[in-house]
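Student: I have a structure open and would like to go through some of its contacts. Can we take it piece by piece?

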Amino acid sequence: MAPAALMPLAPSPPHPNPLRRSLCRCGASRRGFTVHTAIAIAIASASTSAASAEGPSPSPPASPPTQTPSSKTGSPVLGGIANTRSWSQYYGSGFSIRVPPSFEDILEPEDYNVGMTYYGDKAKPRAYAARFASPDRDELISVVIKPSNQLKITFLEAKDITDLGTLKEVSKIFIPAGAKVFSARTIKVKDEEDIRTYYFYEFGLDKQHVALMATVNSGKTYIAGATAPEMKWGDDGVKLRSAAVSLSVS
């Protein structure tokens, strides 16, 4: 296996997010949002027990390679990555992600407020940390943050995604049973203090095509999913894959 080249990451600026907000109130497409996003971020409700449920397990390619280029952009290993530096960058809680032109922030007000409590009620976790959609609402980019100990039972705080398992082992958490796996890759990136590992998966399920990027930081798992109908992936797959791969944590 060729040694992975390291890519420096710039620290995330503390200023407010530049992307705010054009909410969509399209009732007719709401079901489509739910279906597509559930596929892209199946991890949102995943658990160790769910991963071992009956049904065929996804099978990533044997001996998955580690990314060797010096940057994610134009990586021949990932097969089609656009330069996203001109795209808007969304800064969330502990992460950032590049958003393709014309995509709209569709995080609903209830998603922003679900962490609020009244009369001492226990706070509910947010379903999404970020959500964006194309103008026709067929293509979605979503980010979910989950405590790592909800994905793998452990008393230790996960500091790296490898603490959850190998690329193949973790695929059972991130990829729904029965999905057709097109790609599975390990990407190593140098940040300010250490080398961070990301797992990248690309798969198809129920006529949807999904690119998913995941990493761990301070006991939290960050997952970016980009999804579109299979018939549209040929035209827009590079753009969506590039958005998922642009996920960075700090």
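Student: Start with K232: is K232 buried, exposed or partly exposed?

Tutor: This is a predicted model, so take the values as computed from it. K232 is partly exposed, with a relative accessible area of 23%.

Student: What does D138 do with K232?

Tutor: D138 and K232 form a salt bridge, with the closest N and O atoms 2.7 Å apart. D138 lies in the loop between β4 and β5 and K232 in helix α5 (residues 230-245), so the pair ties together parts that are 94 residues apart in sequence. D138 is also partly exposed, at 25% relative accessibility.

Student: Which residues share a salt-bridge network with D138?

Tutor: D136, D138 and K232 are joined into one network by salt bridges that share partners.

Student: How many salt bridges are there in the whole structure?

Tutor: A search of the whole structure gives 7. One of them pairs the side chains of R137 and E104, at 2.7 Å from N to O. R137 is in the loop between β4 and β5 while E104 is in strand β3, so this contact ties together parts 33 residues apart in sequence.

Student: And are those two, R137 and E104, buried or exposed?

Tutor: R137 is buried, at 9% relative accessible area. E104 has 23% relative accessibility and counts as partly exposed, because the cut-off for buried is under 20%.

Student: What is the backbone of R137 like in that hairpin?

Tutor: R137 takes a positive phi near 65° in the hairpin of β4 and β5, which has 6 residues between the strands.

Student: How do the strands around there pair? Start with β4 and β5.

Tutor: β4 and strand β5 (residues 140-147) run antiparallel and are joined by 4 bridges. Within that pairing, R131 has S142 in β5 as its bridge partner. Strand β3 (residues 104-105) also runs antiparallel to β4, with 2 bridges, and E104 has A133 as its bridge partner.

Student: Which way do the β4 side chains point?

Tutor: In β4 (residues 130-133), A130 and F132 point one way and R131 and A133 the other, and all are buried. The charged end of R131 sits over the ring of Y128, 4.1 Å from its centre.

Student: Change of topic: how many aromatic pairs are there?

Tutor: There are 5. Among them are Y90 and F95, whose ring centres are 6.1 Å apart with planes at 35°, so that pair is tilted. Y90 and F132 have centres 5.2 Å apart and planes at 75°, so theirs is edge-to-face. This second pair links distant parts of the chain, with Y90 in strand β1 and F132 in strand β4, 42 residues apart.

Student: How buried are Y90 and F132?

Tutor: Y90 has a relative accessible area of 3% and F132 has 2%. F95 is buried as well.

Student: Which residues make up the aromatic cluster?

Tutor: Y90, F95, F132 and Y222 form one cluster.

Student: What sheet is β1 in?

Tutor: An open sheet of 3 strands, ordered β1-β2-β10 with antiparallel pairing. β1 (88-91) and β10 (248-249) are at the edges with a single partner strand each, so one side of each has no neighbour in the sheet. Strand β2 (residues 95-99) is joined to β10 by 2 bridges, and F95 stands opposite V249 in β10.

Methods. Residues are numbered from 1 along each chain as its sequence is written. This is a predicted model: local features need pLDDT of at least 70, side-chain atom pairs count only at pLDDT 80 or more; totals for chains, interfaces and linings use all residues. Side-chain values use heavy atoms; hydrogens and water are left out. Buried means under 20% relative accessible area, exposed over 50%, partly exposed in between (1.4 Å probe, protein chains only). Two strands pair if DSSP finds at least two bridges between them. A salt bridge is a side-chain nitrogen of Lys or Arg within 4 Å of a carboxyl oxygen of Asp or Glu. Rings of Phe, Tyr and Trp (its six-membered ring) pair if their centres lie within 6.5 Å; planes under 30 degrees apart count as stacked, over 60 as edge-to-face and the rest as tilted. A charge sits over a ring if NZ of Lys or CZ of Arg is within 6 Å of the ring centre and within 35 degrees of the ring normal.
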